[in-house]
Amino acid sequence: MDPGFWIGALTMTLEPAAGAGLDSTDVSPSFLFSTVDGRDYRVEAAPSPTGLWSDVSGPLTADGAAIEWVDSSGTPPPRFYRIFILSE
């Protein structure tokens, strides 16, 4: 698999609002990232910043200025994400 071009990394810390509880099994992080129309992207995730990255989105083809993607895998935190451009 072509590794593509790494364009960014995102680390999220999810915290409940004051007085609210947070059930990590109900958390589905969502991402909105800038794109170029017609290019393909991929979101990868790993349990640490140093390794075992896996494709969690499949190919995402931009049809505008941004892509919104939701990680509905149910994998509990911590989880680290990165985004690749697959086509120029």
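**Buried charges and a loop serine in an all-strand model**

Ser 57 is buried, with a relative accessible area of 19%, where buried means under 20%, exposed over 50% and partly exposed in between, using a 1.4 Å probe and protein chains only. This is a predicted model, in which local features need pLDDT of at least 70 and side-chain atom pairs count only at pLDDT 80 or more, while totals for chains, interfaces and linings use all residues. Residues are numbered from 1 along each chain as its sequence is written, and side-chain values use heavy atoms, with hydrogens and water left out.

Biologist: How many helices and strands does the secondary structure come to?

Modeller: Helices (H or I, at least four residues) and strands (E, at least two) are DSSP runs, numbered from the N terminus. Read along the sequence, the pattern is β-β-β-β-β-β-β. The count is therefore zero helices and seven strands.

Biologist: Which backbone nitrogen does the side chain of Ser 57 reach?

Modeller: Ser 57 lies in the loop between β4 and β5 (60-61). Leaving aside neighbours within four places in sequence, Ser 57 is in contact (heavy atoms within 4.5 Å) with Arg 42, Val 43 and Trp 69. At 2.8 Å, its side chain reaches the backbone nitrogen of Val 43.

Biologist: Which residues are joined into one network by salt bridges that share partners?

Modeller: A salt bridge is a side-chain nitrogen of Lys or Arg within 4 Å of a carboxyl oxygen of Asp or Glu, and the structure holds three of them. One joins Glu 44 and Arg 42 (2.9 Å, N to O), and another joins Arg 82 and Glu 44 (2.8 Å, N to O), a pair that links strand β7 (residues 80-85) to strand β3 across 38 residues. Asp 71 and Arg 79 also meet in a salt bridge, at 2.6 Å, N to O. The network formed through shared partners consists of Arg 42, Glu 44 and Arg 82.

Biologist: Is Glu 44 buried or exposed?

Modeller: Its salt-bridge partner Arg 42 has 4% relative accessibility and counts as buried. Glu 44 has a relative accessibility of 7%, so the class for Glu 44 is buried.

Biologist: How far apart in space are Thr 50 and Phe 80, C-alpha to C-alpha?

Modeller: Thr 50 is found in the loop between β3 (40-46) and β4 (54-55), and Thr 50 is exposed, with a relative accessible area of 76%. Although Thr 50 and Phe 80 are 30 residues apart in sequence, their C-alpha to C-alpha separation in space is 9.4 Å.

Definitions and conventions: A polar contact is a pair of N or O atoms within 3.5 Å; within protein, one must be able to donate a hydrogen and the other to accept it, and residues adjacent in sequence count only if both atoms are side-chain atoms.
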